[in-house]
Amino acid sequence: MGDGEWRAGRHHGSLGCHSAGPEHRDVARLGVHPVAEVGVREIPDAQPRRLTAVHRTSVHGGQQTALPDGRGQMMINYQGPASTFTHYSIVDVLQKKFASGVFEGKIVLIGATATGIGDLRGTPYGGTDYPGVEIHANVIDNILNQRFLKHGFRQALADALLILFFGIPLGIWMALVSPRWMWFGVALFLPMIAINFWAFLHGWWLNLIVPALTLATNVLLVSLYRSLFEEKEKRRVRSAFGQYLSSEVIRRLLVNPQLVEPKKTDITVMFSDIRGFTTISEKLDAQDLAVFLNQYLSDMTGLVFEHHGTLDKYIGDAVMAFWGAPFEEAGHATHACNTALKMMERVREMQKKWEAEGKPHLDIGIGLNTGVASVGNMGSALRYGYTALGDTVNLTSRLEGLNKDYGTHILVNETTYFAAKDDGYVFRELDLIRVKGKLQPVAIYELIGRAAENSVYGTPDEVGQRILLFQQAHELYRKRCWEDAQKSFQIILDKWPDDGPSRTYWKRCQEYLFDEPPSGWDGVFTMSHK
């Protein structure tokens, strides 16, 4: 029998007879000892075959061929723990205490297994109590049934593909996707182990350690990258937009920072301004004015954030905000209307408190306008901010200023009206105007309150009656019936003296009685101021 090494894991098993010197302590031996057992296992069609080593590159046994690796070694595919192959005591064999024909047509291996003198070895099944003779039985079984664990070109290619997949492509993917997908990288350990085990059951030995280390390194490095670099970017975004956006909007913005890049989008813009702020500032010293203004702006900004709005800027005592950016969402006009009503409710609470403290009377006007604007980070290389620009913004500012002309608190244009009219709000159509610098007329509406709720104009029934009388008077005005229209507006004023729009129209009718518009008048009132 020629020499040929056989290895499983870190264990080397050899076919042949070897000395039992110190240099061969971890080598499995075949031999006959005073006390021995016979290992027998029936193998179908297992006729004795001669094994021959050929240049240490192949082992032939009859028609069976086993191909060692470049070092002349092969990995043993163990069929089970110790005693998987049937053992017979050599004493019973010599005394013929065995069933007739039990060894017929079988390969019989003889080796020592007795305690103290047994040829015991360590195997992948653990411990050091595996009989060396049974290692030889596993080798022969592997040769006859072609069951050696293979690790050739195909297996090496599979290892390379796994290492490549768990390396660059997976690392790039985990660096680009949302952080919540990092758990997917950890979960890949399970299918990787399953693939390795499935390959083992089919006779392939695949490398588990290197792909696993590649995967673990990828997950750790990408996590470290996100912690060091992405968290730094998140802190920058929080710092830059914490003064403009609510914490919820910032959280969503961190998922997609590209949303702040300049773009044209549909938004609803709000301008609010304190009435008579110059007079108020003259009555208060610097410290009281700062406290007064800080409390007012803090409360108004809090309401904007509460309703998912974006604070654009403070312009002195004025507040500019908008809805619909950086996140495009349906119903931004409704959010703006609701915020405007909440702001008026808060101002009335502040009026009572400040008047009780002897502070000046506080009142504000609000303008809302829905339309397309350019929104994004804009400014200089030294300083920039997230803002909105365009005609929509300019018209909103004009609407806010018109509150002083009509004696109202909240004015909206027709686009805001049509976007929010079906969401439970009460509007009153006021006028068709042409603002300074614009040729196209704009229909304006007063936002009074919510349907089925009391407002500053009284109960829902009182509000409905006031709106109906105003519509009738306004229709007479459009028909150029100045005297009848003035009388109708006077009826409203007699019942509700605080109705600013009726007072404005009463004065306008008075003017037209003496100097009426030309015959081609289209019902549009041209504003002569901004």
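1. Start with the overall packing: of the 530 residues in the protein chain, 44% count as buried. Keep in mind as you read that this is a predicted model. The chain holds 16 helices and 20 strands. If you take the contacts with a separation of 6 or more, 67% of them come from residues 24 or more positions apart. The chain exposes about 28500 Å², and carbon and sulfur atoms supply 57% of that.

2. Now to the inside. The largest nonpolar core has 39 residues, and those with the most contacts inside it are Ile274, Tyr296, Leu362, Ile366, Leu368, Ile410 and Phe427. Which element gives the most to this core? That would be H11, with 9 residues. Apart from this core lies another one, of 23 residues, among them Leu430, Ile433, Trp496 and Cys509.

3. H11 deserves a look of its own. This helix covers residues 332-356, which makes 25 residues. From first C-alpha to last, H11 reaches 36 Å, close to the 36 Å expected at 1.5 Å a residue. After the helix comes Gly358, with a positive phi near 80°.

4. Leu368 is a handy place to see who meets whom in the core. Setting aside neighbours within four places in sequence, Leu368 is in contact with a list of residues that includes Val269, Met270, Ala336, Cys337, Ala340, Ile410 and Thr416. Also among the contacts of Leu368 are Thr396, Leu399, Leu411, Val412 and Asn413.

5. Follow one of those contacts to Thr416, which is found in helix H13 (residues 414-420). Is Thr416 buried or exposed? Thr416 counts as buried because its relative accessibility is 0%, and the cut-off for buried is under 20%. Again leaving out neighbours within four places, Thr416 is in contact with Ala333, Cys337, Leu368, Asn369 and Thr370.

6. The strands around here are worth tracing by eye. S12 (residues 263-274) pairs with S15 (residues 364-379) in the antiparallel sense over 12 bridges, and Phe271 stands opposite Gly367 in S15. S12 also pairs with S14 (residues 318-323), again antiparallel, over 5 bridges. In that pairing, the bridge partner of Met270 is Ala321 in S14.

7. S15 has another partner as well: S16 (residues 384-389), antiparallel over 6 bridges. How many residues does the hairpin use to join S15 to S16? The hairpin runs through 4 residues. For a spot to check in this pair, Val375 stands opposite Ala388 in S16.

8. On cysteines: how many disulfides does a search of the whole structure find? The count is 0. Take Cys481 and Cys509 as a case. The closest cysteine sulfur to that of Cys481 is in Cys509, 9.9 Å away, so the two are too far apart for a bond; a disulfide would need the sulfur atoms within 2.5 Å. The two residues also sit in unlike surroundings: Cys481 is partly exposed at 28% relative accessibility, whereas Cys509 is buried at 0%.

9. Trp205 is a residue I'd look at in the loops. It lies between helix H6 (189-201) and helix H7 (209-241), and it is partly exposed, with a relative accessible area of 33%. Apart from neighbours within four places in sequence, Trp205 is in contact with Met75, Leu149, Lys150, His151 and Gln155. The C-alpha atoms of Trp205 and Gly152 are separated by 9.0 Å, though the two residues are 53 apart along the chain.

10. Last, a few backbone details to check. The peptide bond from Ala325 to Pro326 is cis, with omega near 5°, and Pro326 lies in the loop between S14 and H11. Ser83 is not a glycine, yet its phi is positive, about 75°. Ser83 is found in the loop between strand S7 (64-66) and strand S8 (86-89) and is exposed, with a relative accessible area of 51%. His308, not a glycine either, has a positive phi of about 60°. His308 lies in the loop between helix H10 (286-306) and strand S13 (310-315) and is partly exposed at 37%.

Conventions. Residues numbered from 1 in each chain as written. Predicted model: local features only at pLDDT ≥ 70, side-chain atom pairs only at ≥ 80, totals over all residues. Heavy atoms only, no water. Helix = DSSP H or I, 4+ residues; strand = E, 2+ residues; numbered from the N terminus. Expected span 1.5 Å × (residues − 1). Buried < 20%, exposed > 50% of the residue type's maximum accessible area, 1.4 Å probe, protein only. Contact = heavy atoms within 4.5 Å. Areas by Shrake-Rupley, 256 points an atom, 1.4 Å probe, with all protein chains shown as cover. Core = buried A, V, L, I, M, F, W, Y, C linked by side-chain atoms within 4.5 Å. Pairing = 2+ DSSP bridges.
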